[in-house]
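Here is a short report on selected local features of one protein model. Please read it with the structure open.

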Amino acid sequence: MTDRAPSHSYDLIVVGAGVVGCSVAWHAAKLGAGRVLLVDRGGIAEGTSSQSSSILRTHYSVRENVELARRSWAAFTGFRDYLGDDEADCGLVRCGYLIVGADDARGEAVRASLAQQRAMGIRADEIDAAQARELLPLLRTDDLAVFGHEPEAGYADAYLTATAFARAARRLGVEVRQRLKVTGLATSGSKVTGIVTETGTYSAAVVVCVANVWTSQLLEPATGTTIPLIAERHEVMAFEAPRPYLPTYPVLKDMASASMVYARCYGRSQLLASPGLAGEATDPDEGQADVPLDTIAALGEQVAARLESFEEAGVASTWTGLYDVTPDWNPVLGPLPGWDGLQVGFGFSGHGFKLSPAVGRLLAQSALGLPTEVPLAPYRFERFDEGALLVGRYGKGAVS
């Protein structure tokens, strides 16, 4: 790869035009990166970003994630001002977030995480069953003992968010190349000097790789580094019941259910729901997979047990998405050890959209050699060998 002369030269190249990559590109340009290229094998947000449930919350048991989510929430709530674009839209719905639990270890973890949020200045109330039913009249509470409410939460649209970042990036001079497959990294000794594509080599002082489930395919051959990452399949289902799940109802996280189900309004009347457990490892290039009937039935039973009228629900649609999962279900952010000119962001494990504004800014700062506003040390690659995993009170899983 090092023998091919570069055909194009940039100051910074971002590989991956999902919501995180588009955020990195815009933030880098905003910070004065110079000539920036954003490249993707598909179109903007056509990969895993298009499969996101797009829930926004600051509720995490990992304190570092709370901070990134808080900073990202501030960007989402003032999105037009944040991008300096009066037409920018992230599709934000501010309906709140309701997390419920039983009188057990998970319930206690919810209480502790709520207390941590409050200690960080975030409104995260512990309410009672009656208050929870006021927020969500469909809620069955007989087996519940813990009710957490984050009023400043909700959901948005990952595609709108990514395309808004991309448009703002273009306005700052970022070059966006879609449907150009990156086949490898160009290297010289222990330095990454650019990317190799199907149409030629592009040189850069810094490459930021945010390729999600395809990260290992790009990094391992060039660097010889084993990337601790797997692609997991996750199923999402939309249910329709006689009493609809309204847009005013909060996002629901049911820690008392067997699958730690999460759910939100979808299409103004349906319920989008998905398990919050580890999924099945699969090929990163897997397309849409069928959702087995027994999976639909199992999730439907848990939804019906928690929400009135959903025992009569029908299945409106199903689809699958991929998570890029690390051993502790939290991302790697920053440099890859032993390699100059390379920054990575992978292993978001379902958190990528929620954290994308803050992560984009931090990775841009790190790539440009600027001090990062939040320390990236907890997210360092080396933590897996050091035994310093980012595992919170909930253990490994999508709620972290």
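In this predicted model, the side chains of Glu311 and Arg140 are joined by a polar contact of 2.8 Å. Glu311 sits in the loop between α8 (293–306) and β17. Its side chain also offers a polar atom 3.2 Å from the backbone nitrogen of Ser309. Beyond its neighbours within four places in sequence, Glu311 is in contact with Arg140 and Ala304. Glu311 is partly exposed, because its relative accessible area is 48% and the class runs between 20% and 50%. Arg106 is 205 residues away from Glu311 in sequence, and their C-alpha atoms are 25 Å apart.

Strand β17 (residues 314–325) holds Thr320. Thr320 counts as buried because its relative accessible area is 2%, and the cut-off is under 20%. A polar atom of the Thr320 side chain lies 3.1 Å from the backbone nitrogen of Ala289. Ala289 is also among the residues that Thr320 touches, not counting those up to four places away in sequence. The others in that list are Gln51, Arg233, His234, Glu235, Gly287, Gln288 and Val291.

The table collects the polar pairs of this report.

| Side chain | Partner | Distance |
|---|---|---|
| Glu311 | Arg140 side chain | 2.8 Å |
| Glu311 | Ser309 backbone nitrogen | 3.2 Å |
| Thr320 | Ala289 backbone nitrogen | 3.1 Å |
| Asp157 | Tyr159 backbone nitrogen | 2.9 Å |

The last pair belongs to a helix end: Asp157 caps the N-terminal end of α6 through a side-chain oxygen. Helix α6 covers residues 158–171, 14 residues in total. From first C-alpha to last it reaches 20 Å, close to the expected 20 Å. Just after α6, Gly173 adopts a positive phi of about 100°.

Which residues of α6 are buried? They are Ala158, Thr161, Ala162, Ala164, Phe165, Ala166, Ala168 and Ala169. An α-helix has 3.6 residues a turn, so residues three or four places apart point the same way. The buried residues of α6 pack against α1 (19–30), α2 (63–77), α3 (79–83) and α9 (352–367).

Helix α6 also helps line a pocket. The second largest pocket has a volume of about 230 Å³. Of its 17 lining residues, those closest to the centre are Ser52, Ser54, Ala156, Asp157 and Arg264. Helix α6 gives the most to this lining, with three residues. Both α6 and β14 (262–266) supply at least two residues each. The lining of the second largest pocket divides into eight nonpolar, seven polar and two charged residues.

Conventions:
Residues are numbered from 1 along each chain as its sequence is written. This is a predicted model: local features need pLDDT of at least 70, side-chain atom pairs count only at pLDDT 80 or more; totals for chains, interfaces and linings use all residues. Side-chain values use heavy atoms; hydrogens and water are left out. Helices (H or I, at least four residues) and strands (E, at least two) are DSSP runs, numbered from the N terminus. The expected span of a helix is 1.5 Å times one less than its number of residues. Buried means under 20% relative accessible area, exposed over 50%, partly exposed in between (1.4 Å probe, protein chains only). Contact means heavy atoms within 4.5 Å. A polar contact is a pair of N or O atoms within 3.5 Å; within protein, one must be able to donate a hydrogen and the other to accept it, and residues adjacent in sequence count only if both atoms are side-chain atoms. On a 1 Å grid over the protein atoms alone, a cavity is a set of points where a 1.4 Å probe fits but cannot get out, and a pocket is an open set with protein on both sides within 12 Å along at least five of seven lines; lining residues have an atom within 4 Å of a point. Grid points are joined across faces, edges and corners, and a volume is the space filled by probe spheres set on the points. Ala, Val, Leu, Ile, Met, Phe, Trp, Tyr, Cys and Pro count as nonpolar, Asp, Glu, Lys and Arg as charged, and the others, Gly among them, as polar.
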